[in-house]
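Please open the model in your viewer and keep the selection panel at hand, since each stop on this tour begins with something to select and continues with what is there.

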Amino acid sequence: MGSVQIVTTILAAAITAVAVWLAVRAVLKMVAVIRLGQPAPERFSDKVARARTMLVETAGHTRMLKWGVVGAAHWFVMVGFVVLSLLVLEAYFEVVTTDGGLPIIGHWTIFGLVTEIIGVLGLVGILVLMAIRLRNRPTRPGGRSRFTGSTMWQGYFVEWIVLLVLIFGFVIRGFKVATDHFEFPFWATPVSHAVGAVLPDWADGVSVAAAIKIIISMTWLIVISLNVTMGVAWHRFLAFPNIFFKREPAKPAGSGLGALRPMTSQGKPLDFEEADPEKDQFGVAHVEQFSWKGLLDFSTCTECGRCQSQCPAWNTGKPLSPKLLVLSLRDHAYAKAPYLLAGGGKDLTGEEKATQAQLAHLDVLALAEADKPLIGTAEEGGVIDPDVLWSCTTCGACVEQCPVDIEHVDHIVDMRRYQVLIESSFPSEAGVMLRNLENKGNPWGAPQNTREDWTKGLDFEVPRVGEVDDFEYLFWVGCAGAFEDRAKKTTRAVATLLNEAGVKFAILGEGETCSGDPARRIGNEFVFQMLAQQNVETLNEAFDGREKAKRKIVATCPHCFNTLGNEYGQLGGEFEVVHHTQLLAHLVATGKLTPVQPVDGGVTYHDPCYLGRHNRVFAAPREVLGDAIAGDLTEMPRNSERSFCCGAGGARMWMEEKIGKRINVDRVEEAMATGAKTVAVGCPFCSTMLSDGVNGKGAGEQVEVIDVATVLLRSVKPEQPQGGKETAPIGG
Ligand code: SF4
Ligand code: SF4
């Protein structure tokens, strides 16, 4: 060992010792913070499916590859990180001796070839990612950036480190070539040989370059260890457990969508017949009341901003960005952690749990952070502004896009639950809706005895459950379908088509009440459970004696479809629920309905969030339209998984939209830009929002918003009076 090697070895050993010590300290700190969360025992179920999904999502980059070039570039960088870590390890042998290398595999030509290929692809990948970050930098003139609000220096830092480590990998090999210490042939390592051709024959070059590579790598480890909230770096490790512990691991995409998580206290679902707000946690009032998985979510965020770029609230000028919400919760959790780890925190009656002695050594910043209300305005020092919390439509675009499976919607609803149930603090206009749900069983407050009015004037009988036993489908009409004029047209169209196809169906009539979706999404779990339990009892009675496969329900409202199919199981109601577009597609495919006259004029389709993203029903409505219209469906730029919300979900239908541009107007402009004369929808709320948007633009005479069922009915029974655009009943 020469004098240069003595210096490089000491340098490498010293910086590595410091980096490893800091990294161990950082990991222990992160584990301690995450463990502050509430239990979530359900996250340990089905470990085989979890492991499989984690491997598919990480190795296959299934989420990221939806983003085309950036996904592919990120894949190469990820593989490069894993494989080229071996070369960092090899550098420890190279600082000691100029012809050092990894024992055994370090001499295999295949090792030289694979690391050469991955090194080159990693270099290309990181240069692409750097170019994309620069092109999308928030400070660039014009346009909105998904990186707005991200900590940009951290992204640049990580990318430069990766670039330099890759470059120095080739420099080390180049010095080995130049000094004739390289054992791999030219065909396997052409780039290394090319680098060697321009480097001098410097005997100590290998050890010096290896030391620089180790110093760069350890600088990265030191910096991220001193910044435990640096998700852009830590996600390399945290993404694996975060994906492993996601809910519903068997669902390949949108696993945090569909059903909401039940309200839990100490990890157990709450039953309101026994729940006590002085003993049980109602929603989330403090950051430590999220589950440990929530805190892991916040720690894992890479600040990539893909969620933000798709969020309808953010894109229309509201203060909500799902990324910034997650970052605020993360920063608050880590800043409050010293106080919590010292034994601090409030019990359910609001009393401090720690003694003065326990808190005496804490710095003033941690104590100040502990005093911040989780929900509060800037003047109140709140972590999350109420306008942020209430801007969410629960559309799920954020969850759908997040490459590390963060479950934003659950966290937002958990915070709403506390605000509604304990603080009674929510947009006042939604109070009418909640009162109507409690007193009348529907959000509009319509009299229950008018639920069947939509059947008036039909030229066939609509049977009620109890009047017939041999119905195949229970037709769940929904509150909009029963009381709202535009939705009533869809209800009539569906009933007419089912009758035409000879499907035996029956309705609950006055026995039906609201599914509870708006109550649950606004955070009123109490009202949701009240309505849902009533409906589950009614439905179980209606299907008495039938096995699950024969407990079939067809619903026209995607919110009811989602709640009945995905959430009633939490309360003992197991049913086979289909959306009407799925049933209609089946009836057309099996020849029970025959479109005879194509509807022309150009048709586009708006995917309802709770049908598409939340339940992956993308094909059925398109199949129905494909059979019923002239020519091809004209897709909007944002369609299917990336569809843009109408603005009504998450109980936003019953709240005023006071900030920014109206979401429905944004969507209608996109629909109208296709030139289509018909905007087909599959949801009564989308129908209302988009119709209002079209009318607001003064285009009510040129563009019609109608349900897919109405389009099909026009094609199947063109001779049947279809009614006016707004209120006249179909078939009436
Ligand atoms: S659910 Fe939709 S509105 Fe809510 S934060 Fe996510 S993207 Fe935004
Ligand atoms: S998509 Fe996921 S990882 Fe990216 S910023 Fe949003 S929450 Fe963070």
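## A loop lysine as the starting point

Select Lys372, which is partly exposed, its relative accessible area being 35%. In this predicted model, Lys372 sits in the loop that runs between helix H14 (364–370) and helix H15 (386–390). Now add Val383 to the selection and draw a distance between the two C-alpha atoms: Lys372 and Val383 are eleven residues apart along the chain, and their C-alpha atoms are separated by 6.7 Å.

## The whole protein

Zoom out until the full C-alpha trace is in view; along its principal axes the trace spans about 100 × 65 × 55 Å. A cartoon representation will show 28 helices and nine strands. The radius of gyration of the protein is 30 Å, which agrees with the value near 27 Å that a compact globule of 732 residues would have. If you colour by accessibility, 59% of the 732 residues count as buried.

## The two ligands

Which residues surround ligand 1? Select the ligand and its shell, and you will find Cys311, Pro312, Leu320, Pro322, Cys392, Thr393, Thr394, Cys395, Gly396, Ala397, Cys398 and Val409. By residue class, this shell around ligand 1 divides into nine nonpolar, three polar and no charged residues.

Move next to ligand 2, which has 13 residues around it, and of these Cys301, Cys304, Gly305, Cys307 and Cys402 come nearest. The shell around ligand 2 is made up of seven nonpolar, three polar and three charged residues.

## Salt bridges between helices H4 and H5

Side chains of opposite charge can pair when their charged atoms come close. A search of the whole structure finds 47 salt bridges, and the next stops take up some of them.

Select Arg173 and Glu116, which form a salt bridge whose closest N and O atoms are 2.9 Å apart. This pair links distant parts of the chain, with Arg173 in helix H5 (residues 152–178) and Glu116 in helix H4 (residues 109–135), 57 residues apart. Are these two partners buried or exposed? Arg173 has a relative accessible area of 6% and is therefore buried, and Glu116, with a relative accessible area of 3%, is buried as well.

Keep helices H4 and H5 in view and select Glu159 and Arg133, whose side chains meet in a salt bridge with an N to O distance of 2.9 Å. Here too the pair links distant parts of the chain, Glu159 lying in helix H5 and Arg133 in helix H4, 26 residues apart. Both Glu159 and Arg133 are buried.

## A salt bridge between two loops

For the next stop, select Lys504 and Asp470, a salt bridge in which the closest N and O atoms are 3.1 Å apart. The pair links distant parts of the chain, 34 residues apart: Lys504 belongs to the loop between helix H20 (485–501) and strand E4 (505–507), while Asp470 belongs to the loop between helix H18 (430–440) and strand E3 (473–476). Lys504 counts as partly exposed because its relative accessibility is 47%, and Asp470, at 46% relative accessibility, also counts as partly exposed.

A further selection shows salt bridges that share partners: Glu42, Arg43, Arg261, Glu407, Asp414, Arg417, Asp517, Arg520, Arg521, Glu525 and Glu567 are joined by them into one network.

## Two residues with positive phi

If you have a torsion tool open, select Glu248, where phi is near 50°, a positive value in a residue other than glycine. Glu248 lies in the loop between helix H8 (231–244) and strand E1 (264–265), and at 35% relative accessibility Glu248 counts as partly exposed.

Continue to Gln266, where phi is near 55°, again a positive value in a residue other than glycine. Gln266 is found in the loop between E1 and strand E2 (268–269), and with a relative accessibility of 53% Gln266 counts as exposed.

## A nonpolar patch on the surface

To finish, switch to a surface representation and select Met1, Ile6, Ile10 and Val96, which make a nonpolar surface patch of about 380 Å². Within this group, Met1 is placed in the segment before helix H1 (3–34). Met1 has a relative accessibility of 62%, so Met1 counts as exposed.

Note on methods. Residues are numbered from 1 along each chain as its sequence is written. Chains are lettered from A and ligands numbered from 1 in the order in which they are written. This is a predicted model: local features need pLDDT of at least 70, side-chain atom pairs count only at pLDDT 80 or more; totals for chains, interfaces and linings use all residues. Side-chain values use heavy atoms; hydrogens and water are left out. A residue is near a molecule or strand if one of its heavy atoms lies within 4 Å of it. Ala, Val, Leu, Ile, Met, Phe, Trp, Tyr, Cys and Pro count as nonpolar, Asp, Glu, Lys and Arg as charged, and the others, Gly among them, as polar. Patches are made of residues with over 30% relative accessible area and no salt bridge: like charges are joined within 9 Å, nonpolar side chains (Val, Leu, Ile, Met, Phe, Trp, Tyr) within 5 Å. Accessible areas come from the Shrake-Rupley method with a 1.4 Å probe; for residues, only the protein chains shown count as cover. A salt bridge is a side-chain nitrogen of Lys or Arg within 4 Å of a carboxyl oxygen of Asp or Glu. Helices (H or I, at least four residues) and strands (E, at least two) are DSSP runs, numbered from the N terminus. Buried means under 20% relative accessible area, exposed over 50%, partly exposed in between (1.4 Å probe, protein chains only). The radius of gyration is taken over C-alpha atoms; the globule rule is 2.2 Å times the number of residues to the power 0.38.
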